[in-house]
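This report walks a new reader through the strands of one structure, how they pair and what they enclose. Please look over the sequence and the structure below before reading on.

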Amino acid sequence: MFTVATTNAQTTTSASTDKNAEVTYVGTQEDVILFNVSVANPNGNKFSIIVTDNEGNQLFEEVYNDRKFDKRFRLPKSETGKLTFVIRNFKDASDDVHSFAVSNHVVEDVVVTKVK
């Protein structure tokens, strides 16, 4: 018996007031979904990253001031539906919003051999 489970994420919305942030779907690994978040912040201003699930529950929030931010986020595969990343710039109170539709597909393949 052979089972394959895959997770896909597609960007559904990228409404941005400032193009300094990029969120990309990297793939899956074991039991997690991987996203990469990059923020170009040459002035070192404070910004926050907020991750919410399909129901608006907050999965992650942290404040940073890195000039060149690049971090990989590992979210459980159980987080299907809509995942939203909000990069909030504290200097001008702008939000850069990236939403992803995440779905799991399970493919089962059964091989039967004749037993004598």
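## Strands and core

In this predicted model, an open sheet of 3 strands follows the order β2-β3-β6, with antiparallel pairing. Strands are DSSP runs of E of at least two residues, numbered from the N terminus, and two of them pair if DSSP finds at least two bridges between them. The edges of the sheet are formed by β2 (21–29) and β6 (68–76), each of which pairs on one side only. From one strand to the next the twist averages 20 degrees, where axes are lines fitted to C-alpha atoms and angles run from 0 to 180 degrees between N-to-C directions.

Residues are numbered from 1 along each chain as its sequence is written, and side-chain values use heavy atoms, with hydrogens and water left out. Because the model is predicted, local features need pLDDT of at least 70 and side-chain atom pairs count only at pLDDT 80 or more, while totals for chains, interfaces and linings use all residues.

The strand pairs described here run antiparallel, and the table gives the bridges that join them together with one pair of bridge partners for each.

| Strand pair | Bridges | One pair of partners |
|---|---|---|
| β2 and β3 | 8 bridges | Gly27 and Leu34 |
| β3 and β6 | 9 bridges | Ile33 and Leu75 |
| β4 and β5 | 6 bridges | Ser48 and Val63 |

Strand β3 covers residues 32–40, and its Ala40 stands opposite Lys68 in β6. Between β2 and β3 lies a hairpin with 2 residues between the strands, and Glu30 in the turn has a positive phi of about 50 degrees. Another hairpin is formed by β4 and β5 with 5 residues between the strands, and there Gly56 takes a positive phi near 85 degrees.

Which residues touch the most other members of the largest nonpolar core? They are Phe35, Val37, Ile49 and Phe85, in a core of 18 residues; such a core is a set of buried Ala, Val, Leu, Ile, Met, Phe, Trp, Tyr and Cys residues joined through side-chain atoms within 4.5 Å. Two or more residues come from each of β2, β3, β4 (47–52), β6, β7 (81–89) and β8 (94–109), and β3 gives the most, with 4 residues. Of the 9 residues of β3, 7 are buried, so this strand is largely enclosed by the rest of the structure; buried means under 20% relative accessible area, exposed over 50%, and partly exposed in between, with a 1.4 Å probe and protein chains only.
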